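Open the model in your viewer and switch to a cartoon view. The tour below says what to select at each stop and what is found there.

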Amino acid sequence: MPKTLFITGASTGIGAATARAAVKAGWNVGLMARSADKLDTLTAELGEAALALPGDATDLAAQQDAVRRTVDRFGTLDAAFANAGTGLDKPGTEGGDPEEWRKLIDLNVMGVLYTARAALPELRKTRGHLLLTGSAAGRNHIKGSIYSASKWFVHGYAGNMSEEMRDWGGRCTLISPGMVDTPFFDEAKPDKLKPEDIAGAVIFALTQDPRTEVREVHVMPTG
């Protein structure tokens, strides 16, 4: 039976590229994002192996329902990719917008925790795999960057989850990209990484022998 991957932030960028790569590799995919129209377009492209799950990753109940619907459709959950994330329009602490900070924390931190909370009961059944989108910004100190600090959380949490999941044969992988040419940025970054590069890192981690846990894949552009 094909394996199944649940992805948040699945309608564009890294999430959509990972969905395409996973289906090409023979996986089924449950795709969660707020943009229902983009999800419908993507699932129409991918066919019966894909399930559109419109919803907000900052809502725990919505993530739990999306995971349930994924399992109901495909029969199993073998991996979950907490990929949804956001940045800030106003950088820094003194010049930043506290309301924007709250939205960032809700998605970049709480949304990741919610994906883990929703997926882990099913992943235990399959000795499954949890993947988290970190960032090069979560490995380096960047002046006053609250976004960077949120990704430092993701990096630390990924290591903690590796230690927890190994107790029952599960795996956790941090996917840590440098700058990627995605809609995350207002302007195109044609000389940087492509979403397909990061999707390849996800598939690499997922397809290693079960005795092997790839704890981090750090990908940087050469330019």
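Select residues 98–126, which form helix 4 in this predicted model. How far apart should the ends of its 29 residues be? At 1.5 Å a residue the helix should span 42 Å, and its end C-alpha atoms are 40 Å apart, so the two values agree.

Stay on helix 4 and go to its start. There, a side-chain oxygen of Asp97 comes to within 2.9 Å of the backbone nitrogen of Glu99. Next, select Leu120, where helix 4 bends by about 50°. A proline, Pro121, follows within four residues. Then step just past the helix to Arg127, which has a positive phi of about 50°.

Now turn to the sheet. This is an open sheet of 7 strands with parallel pairing, in the order 3-2-1-4-5-6-7. Which strands lie at the edges? Select 50–54 for strand 3 and 216–219 for strand 7; each of these pairs on one side only. From one strand to the next, the twist averages 15°.

For a view of one pairing, select residues 4–8 (strand 1) and residues 79–82 (strand 4), which are joined in the parallel sense over 3 bridges. Ile7 has Phe81 in strand 4 as its bridge partner.

Two helices that pack on the sheet come last. Select residues 13–24 for helix 1, which touches strand 1, strand 2 (28–33), strand 4 and strand 6 (171–177). The direction of helix 1 makes about 170° with that of strand 1. Then select residues 60–74 for helix 3, which touches strand 1, strand 2 and strand 3. The direction of helix 3 makes about 160° with that of strand 3.

Technical notes:
Residues are numbered from 1 along each chain as its sequence is written. This is a predicted model: local features need pLDDT of at least 70, side-chain atom pairs count only at pLDDT 80 or more; totals for chains, interfaces and linings use all residues. Side-chain values use heavy atoms; hydrogens and water are left out. Two strands pair if DSSP finds at least two bridges between them. Axes are lines fitted to C-alpha atoms, for helices over the stretch in contact, and angles run from 0 to 180 degrees between N-to-C directions. Contact means heavy atoms within 4.5 Å. The expected span of a helix is 1.5 Å times one less than its number of residues. The bend at a residue is the angle between axes fitted to the seven residues ending there and the seven starting there. A polar contact is a pair of N or O atoms within 3.5 Å; within protein, one must be able to donate a hydrogen and the other to accept it, and residues adjacent in sequence count only if both atoms are side-chain atoms.
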